[in-house]
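Let's take a friendly walk through this protein together. Please have the sequence and the 3D view open as you read.

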Amino acid sequence: MGTTKPRVPNAISGGRPVPLARRAHEPAKGKPRHDFGRCIACAACAVACDSRAIRIFIDEDEGMLVWTLDLYDCTQCGRCVPVCPTGAMSLIEGTEFADDSEPPKRCLFSLAECESCGRYYATNKEVAFANELLEQEENADAARARTLTSICPDCKRLHDAKAAARRSGMKR
């Protein structure tokens, strides 16, 4: 028979084992709650949602992004919460879904148009969020990046390619 190692207290949990639902690799479970005021419609929650309870639609005719949450499809997995960069997604733990399903939550976000080509590329709230993050940085790269947040990724790549060609002495 082997010897048993003495239990070493965990500094984080004070020696108590961490409950299964609280381990870092496993999100908590519960009814999702969405805060429109904090949401930038980045779609991280929709990508993380395996059950497709959270969906994103683009209405280019109206220049709007439509964000929906249908609790009927929700499995209460909680994957939407840790991926949200603004904390707009949270969980109401310990709640049961009502027998009568709630209507899907629907939020509208206006889209930003590229100053170069005129195509939609992100929500206005997402662009503002990126600018706020870049304003916290005090370096030349952040200042340059702030000037490029008003153009779409395709135009940014074209801009970067032209700049690289100029630096290398190539003609386009």
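The report below goes through the sheet, the cores, the cysteines and one loop residue.

## The sheet and its hairpin

Keep in mind that this is a predicted model. Its open sheet is built from 4 strands in the order β2-β3-β5-β6, with antiparallel pairing. At the edges sit β2 and β6 (120-123), each of which pairs on one side only. From one strand to the next, the twist averages 30°. Helix α3 (residues 124-135) packs on this sheet, where it touches β5 and β6, and its direction makes about 70° with that of β6.

For a closer view, start with strand β2 (residues 54-59) and strand β3 (residues 64-69), which pair in the antiparallel sense over 6 bridges. R55 has T68 in β3 as its bridge partner, and D59 stands opposite M64 in β3. The two strands form a hairpin with 4 residues between them. In the turn you will find G63, which has a positive phi of about 70°.

## The nonpolar cores

Which residues touch the most other members of the largest nonpolar core? They are C45, I54, L65, W67, L69, M89 and F109, out of 19 residues in that core. At least two residues each come from α1 (44-48), β3 and β5.

I54 makes a good place to zoom in. Leaving aside residues up to four places away in sequence, I54 touches C45, A46, C49, W67, T68, L69, C80 and M89. There is also a second, separate core of 5 residues, which includes C114, L148, I151 and C155.

## Cysteines without a disulfide

If you are wondering about disulfides, a search of the whole structure finds 0 of them. For C114, the nearest cysteine sulfur belongs to C117 and is 3.7 Å away. Why is there no bond between C117 and C114? A disulfide needs the two sulfur atoms within 2.5 Å, so the 3.7 Å between the sulfurs of C117 and C114 is too far for a bond.

Are these two cysteines buried or exposed? C114 has 4% relative accessibility and therefore counts as buried, whereas C117 is partly exposed, with a relative accessible area of 38%.

## A loop residue to look at

Finally, turn to E93, which lies in the loop between β4 (89-92) and β5 (105-113). With 43% relative accessibility, E93 counts as partly exposed. The C-alpha atom of E93 is 6.4 Å from that of K29, although the two residues are 64 residues apart along the chain.

How values were computed. Residues numbered from 1 in each chain as written. Predicted model: local features only at pLDDT ≥ 70, side-chain atom pairs only at ≥ 80, totals over all residues. Heavy atoms only, no water. Pairing = 2+ DSSP bridges. Buried < 20%, exposed > 50% of the residue type's maximum accessible area, 1.4 Å probe, protein only. Core = buried A, V, L, I, M, F, W, Y, C linked by side-chain atoms within 4.5 Å. Contact = heavy atoms within 4.5 Å. Axes fitted to C-alpha atoms, helices over the stretch in contact; angles between N-to-C directions.
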